[in-house]
Amino acid sequence: MRALTVLGLETSCDETAAAVVRGRAPGPGAILSNVVLSQIDAHAPYGGVVPEIAARAHVEALDEIVERALAEAGIGLSDLDAVAATAGPGLIGGVMVGLTTAKALALAAAKPFIAVNHLQAHALTARLTGGVEFPFLLLLISGGHCQLLAVEDAGRFHLLGTTIDDAIGEAFDKTAKMMGLGYPGGPEVEKLARCGNPGRYALPRPMVGRRGADFSFSGLKTALRQIVSAGDYRDSDAADLAASFQSAVIDTLCDRVGAAIRMFADDYPEGHTLVIAGGVAANEAIRSALVARAAGSGFQAKIPPPGLCTDNAAMVAWAGVELGQLGRFSGLGESPKARWPLHGANAGGSRKASAP
Ligand code: KG4
Ligand code: ZN
């Protein structure tokens, strides 16, 4: 199969991003350009992403970001094989901006359009960077999700476990907010945890030892709130609390990943790879703990570099490469989706057609 060159757009949250990727499955692919404009400064005063501000910022920035991505890749629209964009899940105003722009570019350049599921893009990034083969076990840890899935191919995902309350990135962000740290919270908590004592506070490890591979983070959040609001909590305790929180999260992740490896191994004895994806996979302490946990079960952990774990458009362009090679292009009527689970229905592309 010949290599495809795809322009990808990502606008589902607070990053306006465009990238050009060239490659063929199973990867690795070549990232010809990867432009990410973070809106963090616009949202920081509110302690979280404000959907209306995000949508407007995407409108203002996207055209120039696309121009830069094409220029840095040294190509024009006519050199592309397809244009891909995140069609969900995410903040609907932002998704509409990227989706509409991608459709317009595809139409103007007479190129196929590919609607990409944002979670699918995170999931496939390890193939862009590492050439991982199917099937693999996926731990998807982001601002909106915490899931364990068996990935059979670029569009077939089986859910093994999910959070019954908060997403893991949300737990990091809420913890940071309670502790008066900046937004987004994950990197701030990680930084502080480096110089703290993880044994100082005895925090709960929700779901550890339970049947199945589900997660829960709300009990941890409540325990943390009680500590922070107690009269004797001081700023000088913050590093110990951040370290204790991160250590509780790591213990929970390791236990749930161990349970999922056992479930996965029963159904896919040929698979020995754990892929970790999503913004929280940028966390160094989580990365190294999970690499060791996977190795303990004879699995190899594959984690994209931190800059490709958090939201970016190279992952969307790569998902476009994979779907394009399967001939799974989308019609221009494809609608934006605030919710779009990976499991159940096939993710990405809606129409079977011949590959370009
Ligand atoms: O994948 P992502 O960029 O956006 C979503 O699709 O949600 O993930 C963003 C989440 C945020 O909750 C952020 O706090 C978290 O990833 N995050 C981290 C780290 N870097 C980003 N969490 C823990 N440690 C980090 N270093
Ligand atoms: Zn994401």
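Buried means under 20% relative accessible area, exposed over 50%, and partly exposed in between, with a 1.4 Å probe and protein chains only. Strands (E, at least two residues) and helices (H or I, at least four) are DSSP runs numbered from the N terminus.

This is a predicted model, where local features need pLDDT of at least 70. Residues are numbered from 1 along each chain as its sequence is written.

**Exercise 1.** Work out which residues cover the two faces of strand β6 and which strands pair with β6.

*Solution.*
- Start with the faces: Phe136, Leu138 and Leu140 sit on one side, Leu137, Leu139 and Ile141 on the other, and all are buried.
- That makes 6 of the 6 residues of β6 (residues 136–141) buried, so the strand is largely enclosed by the rest of the structure.
- Next, the neighbours; two strands pair if DSSP finds at least two bridges between them. β7 (residues 146–153) runs antiparallel to β6, with 6 bridges, and a hairpin of 4 residues links the two. Here Leu137 has Ala150 as its bridge partner.
- β9 (residues 273–277) pairs with β6 in the parallel sense over 4 bridges, and Leu139 partners Ile276.

**Exercise 2.** Find the protein donors of the zinc ion (ligand 2) and place the histidines.

*Solution.*
- Donors are N, O and S atoms within 2.8 Å of the metal (3.2 Å for Na, K and Ca); water is not among the atoms, so sites may look incomplete.
- His118 (NE2), His122 (NE2) and Asp311 (OD) qualify, at 2.0 to 2.1 Å.
- Their sequence spacing reads H-x3-H-x188-D.
- Both histidines lie in helix α4 (residues 118–130), 4 residues apart, about one turn of the helix. His118 and His122 are both buried.

How values were computed. Chains lettered and ligands numbered in written order. Predicted model: local features only at pLDDT ≥ 70, side-chain atom pairs only at ≥ 80, totals over all residues. Heavy atoms only, no water.
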